[in-house]
Every structure is written in C-alpha cells, then in structure tokens.
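The following paragraphs discuss side-chain packing, with attention to aromatic rings, the nonpolar core and the cysteines. Please keep the structure in view while reading.

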Amino acid sequence: MHNQMVKKRVPEWLNSSLWSSPPSASPADDDRAQCYTSKPSTPTTPTTSASVVEPPLPVLPPSSAREQPPPEPQPVDSVSDHDDRGAAIPSPEDFSRQSQLLAELSKKIINVRELRKIAAQGIPDGAGIRSTVWKLLLGYLPPDRALWPSEVAKKRSQYKNFKNELLMNPSEITRKLEDNGTNCDGEESKSKGLLSRSHIAHGEHPLSLGKSSIWNQFFQDTEIIEQIDRDVKRTHPDMHFFSGDSQFAKSNQDALKNILVVFAKLNPGIRYVQGMNELLAPLYYVFKNDPDEEYVAAAEADTFFCFVELLSGFRDHFCQQLDNSIVGIRSTITRLSQLLKEHDEELWRHLEITTKVNPQFYAFRWITLLLTQEFNFADSLHIWDTLLSDSEGPQETLLRVCCAMLILVRRRLLAGDFTSNLKLLQHYPPTNISHLLYVANKLRVQSSG
C-alpha cells in the first residue's frame, strides 16, 4: 500500500489508508490587446451562423497526467503531454465560446460578470485565452485593459523585490550589510539605518542563538525549503513540463519552489502545507503556455499573485489550528454532507448511516486539493474554469461539484458496502466533465429555487 501511494504522488499530509490517491508595461501589452480583436484572416466573432470562421486550433493540455509523455519536452507553447486519444476535435460549442471570449476580451473595459458567465462553461484551450481569463477572474488583471501594462509592471517588480529580500542567503545579507558599513563612516552608516561591521559580526554570526538572528531564521526555514523541494520534484512526474532532467523542467521546478518559499515567508501563520504544490501547478502551467513571450517570461511572478488570491478564499483549510472551527476543513466537509442530504437524502443515509462512510475519508483530499488528484490534468483545468468563475469564490461551486460526483455514481454507491464505496470514492472513475459540471450547476438552480 505504501509503495502504491508513493507512486501516485499523494502528499504525505494525506498519507492515510483512509484517503489513498486515485489511480491512474510596454508596447508588447498593446500588441497583446490587439490579439483579441478580429483580424481579416482569422475573424473571431461570427456575424451569422453561416459565416463563422473557425479560430485557430488550440494547443490542448495533457489529456491525462498519468499517460506516457513524449520522448522529449516540447517548446513552451506546445508542451502538452497528450496523445491522439486526448486530442479531441473542438466542438462547435467550443468555437462559439472561444469567439465569445475573444469578443469580450477585445473590449476596452471588460465586463467581468459576462466573462464569468461564459468561462463557467469551460474555456477552450489555446490562443492564450485561459491564461488571460484566469488572471481576470482572479483579479490580477483589472477590467480596464489600458491599465494592464502598469499593473503587471508594478506587480512583477514587487515580486522581484520579494525574491531579492526573502531568497537571499544570510551570508549574502551579512556581506551586503558589511559592505555598506565599511563603505561609509560610522555616523553616515547609522543615519542610513545600517549596522557597522562589529555589530553584524556579533549579532549575525552563524552560531548565534538569538531569535532575531537572520541565521537562526535561516536554519528554521531550511526544513520547510527542503520539504518544498521534495514536493515540487514529485509534482506531476508523468509530465515533462514538471518532471525530468531537461533544463526546461528544472527551470519550471525552480519557479514553483521560489513561489512556495516566498509565500511561506510572507505568510508565517500558514507557511507551507504539503499539497500546496498541487494547487500551484495548474496556474503555472497555464501561464507558462501563454502565446505572448513577455507573459511567458513573467509567468513566475504572475503565478505568485494569482496563487495568493486563489488561496485567500480557503486559506483556513491549511491552518491546522482552525480545523475544528466554523471556517476550518471539517466544517466545510460537514457542509458537503448537508448538501448531499438536501439533494439526495437516500444516498446520504446509505453512505453515512448504513455503510458508515465518513465523508472525511474521501472529501478531505477532494476539497483541500481542489479535485486536482481526482481527474486527469486536462479535466482538472476544465473544472478550474468553473471554480474560478464563481464571483463568490471557488468553495461553493467546489462543494456542488463534489456533491454532483457522489450523485453521478449513486447507483453503484447504493449497491455497495463500506469497503466498495470507500474504494470507489477514493479512486473516482473517469467521467464526462461537462456532464459533471452540468449536474453541479443544476444543484445551484435547485438550491436557489
């Protein structure tokens, strides 16, 4: 069992037999805005149903994170690890939705409410649409397109400063302070708030035990950094984008590690919790596959701020002290149980009373990792399109999707006992994601009705 779980990349914080893993600011911005307007050769907004010109075929994400990847990693804008089985031909609905999204993105002031409505049905892969839409849905890009260059320049500069301040080795900090202290006299040094060489040597020696010592803090951080490094290397090992010996994969791993370390240092109340790497991966993958080279180069910074925004909606799930509180993970799981009882009391009774399948046994991972471990990578991105489109945050939609997952396999669950039901829910079967999201949306309508 242990070897099986290692192979399937379950974060150690979920390594219990109760919830095992399932199987198998520049002119460039103006140019970017232009790519969302209609062009004579490839119009994106149909005028009549008879004159629709299909948008360029999109680059699809991998159909399954567990399929065999190609022999060599591909260039950034074609890194998908998919085969012919996953490269489904886009439907007319996909083309129509892509045209609607492109039309919305071409406006000077984007109607985010309308964008959410369209994106909730799924964002067609390709043309950089998902990358841009996710940034808008997460509030990283403002609705006013004219503000994009200045906003992203400010945020990227801020992230660069975070890295310079938080990822610096104490030796480098000490050396910098020493250089500043010795390059000016004592009085001038004090006026700039710099410590003199003698002060640094006394208080910032590597053997210093003082709580305020930068070396003491460094040693405390080392354990977390090592854990982050281990988890990042285990992220989607079947995808060359994240794993392997190529320079491309290693640079992507370094970016994930940098983001998680900076986040941990800026958020001492949470720091790093195993599994955060799984939530970070979809964001970075999507942003790194943006067709705009400038945005590709800044994918790490963009991902950091979107990751912060994503976690802000349910950060309490990662705070152990709040597990039993009204905002903690156990309270959220209870809400899922209540939602199932509301919509399918027969199934709820069979699961929780007759077969005694505690929802924590399966829903803990479903909720904390936003279903990234239950479906293949491409399907996870589709689900996230819907989760991020909820103006109230992803949690309410997530609970409805989880409830829909239970309802879709109700016949098997009603016929099963504790063992078979637990196995089914811990190894959720492949399903039609569009239908799953349709059922989840019907639950919203029924609740509101």
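A charge is taken to sit over a ring if NZ of Lys or CZ of Arg is within 6 Å of the ring centre and within 35 degrees of the ring normal. In this predicted model, K155 lies over the face of F305, at 5.2 Å from the ring centre. The residue R156 is likewise placed over a ring face, that of Y295, with a distance of 4.7 Å from the ring centre.

Rings also pair with one another, and the count comes to 17 aromatic pairs. In one of these, the ring centres of W134 and W384 are 5.9 Å apart and the planes stand at 35°, so the pair is tilted; the tilted class holds those pairs whose planes are neither under 30 degrees apart nor over 60. This pair joins distant parts of the chain, since W134 belongs to helix α5 (residues 129–137) and W384 to helix α18 (residues 377–388), 250 residues apart. W134 is buried, with a relative accessible area of 0%, and W384 also counts as buried, at 1% relative accessibility.

A further pair is formed by F242 and Y285, whose ring centres are 6.4 Å apart and whose planes are at 35°, so this pair is tilted. Here too distant parts of the chain are linked: F242 is in the loop between α10 (214–233) and α11 (247–266), whereas Y285 is in helix α12 (residues 276–288), 43 residues apart. Both F242 and Y285 are buried. These two residues belong to a cluster linked by ring pairs, which consists of F241, F242, F248, Y284, Y285 and F377.

The nonpolar core may be considered next. The largest one has 102 residues, and W134 and F307 are those with the most contacts inside it. Leaving aside residues up to four places away in sequence, F307 touches I259, L260, F263, M276, L279, L280 and L283.

The cysteines remain. A disulfide is a covalent bond between the sulfur atoms of two cysteines. The count of disulfides comes to zero. C402 is in no disulfide, and the nearest cysteine sulfur, that of C403, is 8.7 Å away. Why is the sulfur of C403 not bonded to that of C402? The two sulfurs are 8.7 Å apart, which is too far for a bond, because a disulfide requires cysteine sulfur atoms within 2.5 Å. C402 is buried, with a relative accessible area of 0%, and C403 is buried with a relative accessible area of 0%.

Note on methods
Residues are numbered from 1 along each chain as its sequence is written. This is a predicted model: local features need pLDDT of at least 70, side-chain atom pairs count only at pLDDT 80 or more; totals for chains, interfaces and linings use all residues. Side-chain values use heavy atoms; hydrogens and water are left out. Rings of Phe, Tyr and Trp (its six-membered ring) pair if their centres lie within 6.5 Å; planes under 30 degrees apart count as stacked, over 60 as edge-to-face and the rest as tilted. Helices (H or I, at least four residues) and strands (E, at least two) are DSSP runs, numbered from the N terminus. Buried means under 20% relative accessible area, exposed over 50%, partly exposed in between (1.4 Å probe, protein chains only). A nonpolar core is a set of buried Ala, Val, Leu, Ile, Met, Phe, Trp, Tyr and Cys residues joined through side-chain atoms within 4.5 Å. Contact means heavy atoms within 4.5 Å.
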